[in-house]
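These are my notebook entries on a model I went through element by element. I began with strand pairing and then moved on to packing and single residues.

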Amino acid sequence: RPGGVMCQWIHNSSLDASHVLSIVRSFGEVFPNMTMWNTKGGDFLLIGSESPLVLPIQELRRRMARPGVRPWLERMHYDTEEEFLATLLSHDSMLRQRSAKARLHTDDNMLLEFDAPKTLFGDHQPFRATSNAIFEYVLDRSALQPEEAALLRFKLDRATAAREHQRAAL
């Protein structure tokens, strides 16, 4: 509905990279704005919306500090906004460019239903995604002082490197 946000979970344990790109392309056919995030277990979340997905940093901090949200984030080891933002993998134009040649998944071809099980116990090329520290696309930092913006960038680079090491270890 207008103003709504959609989240689609994509498991990465047995899907081939072509399957993930098919999901991304199909998702992008419906949502003009999308981002991809990494989950703790190496899976992915696609977030889609009709409007741009940009949040002022003060609003992110306010939402992360909510009593019902803070304990859950801490359990996931997202103690700071930088650690949360480090899970951002890609934004709209990058996702569209990377998935442009992928097959659309539709009710008529049911690509995933019939093709994905073939990779369950066989060799497959998993989808690889690396963070490009592209938080500028989803976070409005205009209210920050230059020193505060530089510190945020430094902390985000450190948090992104830690997430990359964690993914490599998994």
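Entry 1, strand pairing. In this predicted model I looked up the partners of strand E2 (33-38), and I found that three bridges join E2 to strand E5, residues 88-91, with the two strands running antiparallel. Within this pairing I noted that Met-36 has Ser-90 of E5 as its bridge partner. I then turned to E3, which is joined to E2 by six bridges and also runs antiparallel to it, and there I found Leu-45 listed as the bridge partner of Trp-37.

Entry 2, burial of E2. How many of the six residues of E2 are buried? I counted six of the six, so E2 is largely enclosed by the rest of the structure. Checking the directions of the side chains, I saw that Asn-33, Thr-35 and Trp-37 point one way, that Met-34, Met-36 and Asn-38 point the other way, and that all of them are buried.

Entry 3, nonpolar cores. The largest nonpolar core has 15 residues, of which Ile-10, Leu-15, Val-24, Met-36 and Leu-46 touch the most other members. The elements that contribute two or more residues to this core are helix H1 (17-30), strand E2 (33-38) and strand E3 (44-49), and H1 gives the most, with four residues. I also recorded a second, separate core of 11 residues, which includes Trp-37, Leu-85, Ala-86 and Leu-156. I add for context that nonpolar side chains tend to be buried together in soluble globular proteins. Going back to Ile-10, I listed its contacts beyond four places in sequence, and these are Leu-15, Val-20, Ile-23, Met-36, Asp-43, Phe-44 and Leu-46.

Entry 4, Trp-9. I placed Trp-9 in strand E1, residues 5-10. Is Trp-9 buried or exposed? Its relative accessibility is 49%, and because exposed requires over 50%, Trp-9 counts as partly exposed. Leaving out residues up to four places away in sequence, Trp-9 touches Asp-43, Phe-44 and Leu-45. With Asp-43 there is also a polar contact of 3.1 Å between the two side chains, while the C-alpha atoms of Trp-9 and Leu-45 are separated by 4.7 Å although the residues are 36 apart along the chain.

Entry 5, Ser-99. I found Ser-99 in helix H5, which covers residues 92-99. Because its relative accessibility is 2%, Ser-99 counts as buried. Apart from neighbours within four places in sequence, Ser-99 is in contact with Leu-21, Val-24 and Arg-25, and of these I had already met Val-24 in the largest nonpolar core.

How values were computed: Residues numbered from 1 in each chain as written. Predicted model: local features only at pLDDT ≥ 70, side-chain atom pairs only at ≥ 80, totals over all residues. Heavy atoms only, no water. Buried < 20%, exposed > 50% of the residue type's maximum accessible area, 1.4 Å probe, protein only. Contact = heavy atoms within 4.5 Å. Core = buried A, V, L, I, M, F, W, Y, C linked by side-chain atoms within 4.5 Å. Polar contact = N/O pair within 3.5 Å; in protein donor to acceptor, adjacent residues only side chain to side chain. Pairing = 2+ DSSP bridges.
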